[in-house]
Structure formats: C-alpha cells, structure tokens
Amino acid sequence: MTTKLSQNNEGITSWRKALFNVMADLIRHLDYKKYPIFQHMKTEPFQIAFIGGGINSAIGEVHKAASQMDGHFELVAGAFSTHAETNSETARTWGVAVDRTYGNYRDLLQAEKGKLDAVVVLAPTDYHKDIVIDALRAGFPVICEKSLATSVAEGEAIAKAVTETKGFFCTTYNYTGYPMVRELKQFIADGKLGKIQQVQVEMPQEGFMRLGAHNEPPKPQAWRLKDTVIPKISLDLGSHLHNMIYFLTGERPERIVADQATFGLFPQIVDNVGALAQYTNNVRAQIWFSKTALGNRNGLRIRVYGSEGSAEWFQLEPETLKTCDLRGNVSLRDRTGDVKIANQQRYNRFKAGHPAGFIEAFANYYKDIADCLKQYFETGSFTSQYVCGIRTSLEGLSMMQAAARSAQSNKWENV
Ligand SMILES: NC(=O)c1ccc[n+]([C@@H]2O[C@H](COP(=O)([O-])OP(=O)(O)OC[C@H]3O[C@@H](n4cnc5c(N)ncnc54)[C@H](O)[C@@H]3O)[C@@H](O)[C@H]2O)c1
C-alpha cells in the first residue's frame, strides 16, 4: 500500500514537474506577452516601442542597440518615422512586426494600449511636448530623449501631465552612463576632492562649420536650424552639461550670465555659447558648448575642483579618470584601478583594456531605466541616483532659457 502510494505520488510529482517544465519553456521561448492573460505581467525584458528614431535618424540606431544590449528591453513596436517608406524599412531592418508598425504615433498609442511597458520618444525635440503628453495621458510610461522640450512653458505642461497621470517619465542623459563618470560621482560623494568649489564643463563640436571631404557644406536636419526661445544648441548640448553638473555634484543652478554667438554657416541660429553660473553651496561653473569649434568632433570634458583635489574626465578617453590631490600627486584610474563603481560586473562586459564607449554607456543608462521601471511598477514611483526625472529635466530648460535671456539682457539672470 505504502509502495503504491509513493509510486502514485511520484507519478503525480513527475507529471507536475513535466507540466512545470512545459510552462517554463513556454514562458522562456514564447512571446507570451502577446497573450492577454500575461499582459498585466511587468517583467523584463520590458516591451517598448519607439516614436521617432527611424534608421534615417541620428540617434535611433543607438537606442536600438543600447536598449537591447543587456536584455532588459525588447523593441516590439514603433512609429519610427512620418515617412512611410523609412518607417517600414526601419521595422524590416530591426525585425519589428508589420502589424505593430504604425504610420503615426497616435495610432500606436491607441493600438498598443496594454501591450507595452513603455514608449521611447525619439522624435525631434519640437514634437516632444505633444507626443509625451499624449503618451502619458494614454497610460504609457515614457522614456524621452533630451531635451525635455523646447521651452520652460512646454516643459511645465509635460510636468503637469506627469503629476496628473502619476505617470513614469525620464529623459536619456546618456553621458552619465560612462563608468568613469559614475566613479567621479562617487569620488566626489566620498569627499575625496574636499568641498567642491568650481566645475568647468565643455562640449565643443564642429558640425555647423566643418566641410565634407569634397568641400561640401554640412547639412544638419531642418529642425536643428530653427531657434526658438531657447537656441537649439542649448537644448542639444547645454542641457547635457546642466545635467552632468547636477549628476556629479548634486548642486542646483541659481544664476547664470551667458554669451551667445553665431560663427558658422547658418546665420539664423546660435552656434556657440559661453556661460558662468552660480550654484547652490557657492559652487561656480564655467560652461562652453559649440558647434563651430573646428577640430572637436564631440569633446565633452569635465573638470571638477575642490578644496582637497581635482578630477578630470574626457569623453574621447572615457575609460580613465585623472585626479590630483592637495600635494600635487596626479593619478590615472581605470576599471581595474583603485575604484568603487567602475569595477562592477555590469560595467565589465569585457575586461579593461578593451575600451567600452558611447553605446555601452547608453546601455548602462538603459539598465538603470529598467530598474526605475521595475520600481515604478511595484510602488507607483521611482527614485534613482542615475536616471534623470522630470524635475531635473525641467530645470535644464530653466537654466538654458535663463542663459538665452542673459545673452539678450547682458545681465545675470536667475534660473
Ligand atoms: N542623447 C544624445 O546624445 C542625442 C544625440 C542626438 C539626438 N538626440 C535627441 O534625439 C532626438 C532626435 O534627434 P535626431 O538627431 O535623431 O533627429 P533626426 O531628425 O535625425 O531623426 C528624427 C526621427 O524621428 C522621425 N520623426 C519625425 N517626426 C516624427 C513624428 N511626429 N512621429 C514619429 N517619428 C517622427 C524622423 O522621421 C526621424 O526618423 C532629439 O530630441 C535630440 O535632441 C540625443
């Protein structure tokens, strides 16, 4: 009897095991989220759609690669471009199903309700306000390229929608994803530089002046050649620098005085900005960004000076952080050095000496967004030391708009 029972139990156990294995296999191998019963499950890989970011765009391919590099996201739908051919070519190239590719973003928001974990807004900045607000109001978590929008007024409208919908919103300030930038953040937080006194940040580029191989003039996208209340260059580059200073120091800008100039081939737009800014805790910043600095492809450089030392990071040598102490000792650290952050497994897809760069930094940022989304799905809100939310995104617009005012008034302007 006993033997029979145990045999029966074993029978039942192995039957259960088999069923469990079949289910596990289904979940692992099937696109299970397409079945309504599983659609409430918010698990990685998070299912995302792009709005904008077609293969003809500057940043689409980077988002495609970075979002999927570590398996945290899966691109399953899109309204990649308003040009029908580019839209379908993008979907074809990236393996997105035809029936989940939409000619405009409103159709996407309607048809994909309940099927996505987030939408990623990669359209030109001029369209961010409408797309982001519509997506939030339709109930989608939103990951948005910087800058948030083209003016403080637009940014405030988005912030209102975030509050009212209790929605998820973040921007992709990807440069903060570099491991050695994160190391610098930790270095500062640990007090290794003493009291932070001043920061110098610059982002010189040359795209509005440099000729091509056959002397042809550059051809920027049309939307980049139209300035509004904040010059496009300030939205494009200045907002990254604002974000970087806050990311590293935790200080907030209070006042700014700025000069805006036009040196390049497009007389209708500002292409060079220099500014001094005063921050909380008496920190001073010098900020320069340009699209007419010949010889600089994208020379993002950060120097931080404190009462006990200084540090410098340069994007063209992203794997090293240079520091100097009070006695003049200069050190270079990399992922294998005396570091606390950059040696983490997540930053070492391959060992130091095999340089990681822009796209890996972007992927690091996407991993943080995945953590934030998970937090949001579990608790209804998120906090992150790495991911830029609505408040800091909006502050970037305030700072750049104050800089534009200052360039007109020739005075210090409050942020
Ligand atoms: N984080 C970074 O380093 C970085 C770098 C470049 C651009 N960006 C940001 O990314 C955004 C896009 O910039 P870009 O240079 O890739 O622009 P782009 O003009 O090169 O590409 C825009 C793409 O969006 C599509 N598009 C335009 N309007 C659309 C709409 N209404 N709906 C759907 N698709 C639409 C276009 O067809 C194109 O595919 C901007 O906000 C920009 O500031 C960020």
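Two strands count as paired when DSSP finds at least two bridges between them. With that in hand, let us start at a hairpin of this predicted model. Strand 12 (residues 321-325) and strand 13 (residues 330-333) run antiparallel and are joined by 4 bridges. Leu321 has Arg333 in strand 13 as its bridge partner. The hairpin has 4 residues between the strands, and Gly328 takes a positive phi near 90° there.

**The sheet of nine strands**

The hairpin strands belong to an open sheet of 9 strands, ordered 13-12-11-10-6-9-8-7-14, in which the pairing is mixed. At its edges are strand 13 and strand 14 (413-414), each of which pairs on one side only. Helix 10 (residues 390-409) packs on this sheet, where it touches strand 7, strand 8 and strand 14, and its direction makes about 55° with that of strand 7. Helix 8 (residues 232-249) lies across strand 6, strand 7 (253-261), strand 8 (272-279), strand 9 and strand 10, and runs at about 150° to strand 6.

Strand 6 (residues 196-204) shows the mixed pairing well. With strand 10 (residues 301-306) it runs antiparallel, joined by 6 bridges, and Val201 stands opposite Ile302 there. With strand 9 (residues 284-290), strand 6 pairs in the parallel sense over 7 bridges. On that side Val199 faces Ala285, and Met203 stands opposite Phe289.

**The sheet of five strands**

A further open sheet has 5 strands in the order 2-1-3-4-5, with parallel pairing. Strand 2 (73-79) and strand 5 (169-172) stand at the edges with a single partner strand each, so one side of each has no neighbour in the sheet. From one strand to the next, the twist averages 25°. Strand 4 (residues 142-145) pairs with strand 5 in the parallel sense over 4 bridges, and Val142 stands opposite Phe169 of strand 5. Helix 9 (residues 358-379) packs on this sheet and touches strand 1 (46-52), strand 2, strand 3 (118-122), strand 4 and strand 5, its direction making about 175° with that of strand 5.

Here are the strand pairs described so far, side by side.

| Strand pair | Sense | Bridges |
|---|---|---|
| Strand 12 and strand 13 | antiparallel | 4 bridges |
| Strand 6 and strand 10 | antiparallel | 6 bridges |
| Strand 6 and strand 9 | parallel | 7 bridges |
| Strand 4 and strand 5 | parallel | 4 bridges |

**Helix 2 and the ligand**

Which residues of helix 2 are buried? They are Gly60, His63, Lys64, Ala66 and Ser67. These buried residues pack against strand 1, strand 2, helix 3 (84-94), strand 3 and helix 9.

The ligand is surrounded by 26 residues, the closest being Gly52, Gly54, Ser57, Ala58 and Ser81. By class, this shell has 10 nonpolar, 13 polar and 3 charged residues.

**How the domains meet**

The chain is divided into domain 1 (2-28), domain 2 (36-175) and domain 3 (176-414). Between domain 2 and domain 3, the C-alpha centres lie 24 Å apart. Their contact takes 38 residues from domain 2 and 38 residues from domain 3. On the side of domain 2 that touches domain 3, the elements giving two or more residues are helix 2 (60-68), helix 6 (152-165) and strand 5. Helix 6 provides the largest share of that side, 5 residues. Sorted by class, the residues on that side of domain 2 are 20 nonpolar, 10 polar and 8 charged.

Technical notes: Residues are numbered from 1 along each chain as its sequence is written. This is a predicted model: local features need pLDDT of at least 70, side-chain atom pairs count only at pLDDT 80 or more; totals for chains, interfaces and linings use all residues. Axes are lines fitted to C-alpha atoms, for helices over the stretch in contact, and angles run from 0 to 180 degrees between N-to-C directions. Two residues are in contact if their C-beta atoms, placed from the backbone, lie within 7 Å. A residue is near a molecule or strand if its C-beta atom, placed from the backbone, lies within 6 Å of it. Ala, Val, Leu, Ile, Met, Phe, Trp, Tyr, Cys and Pro count as nonpolar, Asp, Glu, Lys and Arg as charged, and the others, Gly among them, as polar. Domain bounds come from an automatic or database domain assignment. A residue is buried if 20 or more other C-beta atoms lie within 10 Å of its own, exposed if 12 or fewer, and partly exposed in between; C-beta atoms are placed from the backbone.
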